[in-house]
Amino acid sequence: KLRFDEYDDTHRLLGLERLTLNAMVDDPTMMRETLAYRFFRDHGVPAARTGYAHVFVNGLEYGLYLVLEPYDDVAMAARFSSTQPVRH
């Protein structure tokens, strides 16, 4: 998990406070999670955005990782006008 606002609450990456990297060790296709989230979004279910990153740390290659948008206040604010319960 990457926190861009760990030491400074104003730091963001493309408006995001955090991202999750997933090594996809249980998915030999490296596509299942991305396809599932895409399916949900295509059918009107608010779901995390995904992408891929080729990760290197201090010059060492760690491989391909899924980049996952966390369900946090930034993501929810982008999808909903309010997170308060609807009162009828």
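This report covers the fold, the salt bridges and a nonpolar surface patch of one chain.

**Overall architecture**

The model is predicted. The chain has two helices and four strands. Read from the N terminus, the order of elements is β-β-α-β-β-α. The chain counts 88 residues, and 25% of them are buried. Its accessible surface is about 6900 Å². Carbon and sulfur atoms hold 57% of that surface. Contacts between residues at least 6 apart in sequence include a share of 39% that join residues at least 24 apart.

**Salt bridges**

The structure holds three salt bridges. The table gives each pair with the separation of its closest N and O atoms, or its N to O distance.

| Acidic residue | Basic residue | N to O distance |
|---|---|---|
| Asp-27 | Arg-32 | 3.5 Å |
| Asp-42 | Arg-38 | 3.3 Å |
| Glu-69 | Arg-49 | 2.9 Å |

Glu-69 and Arg-49 pair through their side chains. This pair links distant parts of the chain, 20 residues apart. Glu-69 sits in the loop between strand S4 (60–68) and helix H2 (73–79). Arg-49 sits in the loop between H1 and strand S3 (50–57). Glu-69 has a relative accessible area of 5%, so it is buried. Arg-49 is partly exposed, at 46% relative accessibility.

The bridge between Asp-42 and Arg-38 stays inside one element. Both residues lie in helix H1. They are four residues apart, about one turn of the helix. Asp-42 counts as exposed because its relative accessibility is 53%, and the cut-off for exposed is over 50%. Arg-38 has a relative accessible area of 48%, so it is partly exposed.

Asp-27 is the partner of Arg-32. Is Asp-27 buried or exposed? Asp-27 counts as buried, because its relative accessibility is 9% and buried means under 20%.

**Nonpolar surface patch**

Which residues make the nonpolar surface patch? They are Met-30, Met-31, Leu-35, Tyr-52 and Leu-64. The patch covers about 440 Å². One of its members, Met-31, is found in the loop between strand S2 (18–22) and helix H1 (32–42). Met-31 has a relative accessible area of 43%, so it is partly exposed. That value also meets the patch criterion, because patch residues need over 30% relative accessible area.

**In brief**

Two of the acidic bridge partners are buried: Asp-27 at 9% relative accessibility and Glu-69 at 5%. Asp-42, by contrast, is exposed.

Definitions and conventions
Residues are numbered from 1 along each chain as its sequence is written. This is a predicted model: local features need pLDDT of at least 70, side-chain atom pairs count only at pLDDT 80 or more; totals for chains, interfaces and linings use all residues. Side-chain values use heavy atoms; hydrogens and water are left out. Patches are made of residues with over 30% relative accessible area and no salt bridge: like charges are joined within 9 Å, nonpolar side chains (Val, Leu, Ile, Met, Phe, Trp, Tyr) within 5 Å. Accessible areas come from the Shrake-Rupley method with a 1.4 Å probe; for residues, only the protein chains shown count as cover. A salt bridge is a side-chain nitrogen of Lys or Arg within 4 Å of a carboxyl oxygen of Asp or Glu. Buried means under 20% relative accessible area, exposed over 50%, partly exposed in between (1.4 Å probe, protein chains only). Contact means heavy atoms within 4.5 Å.
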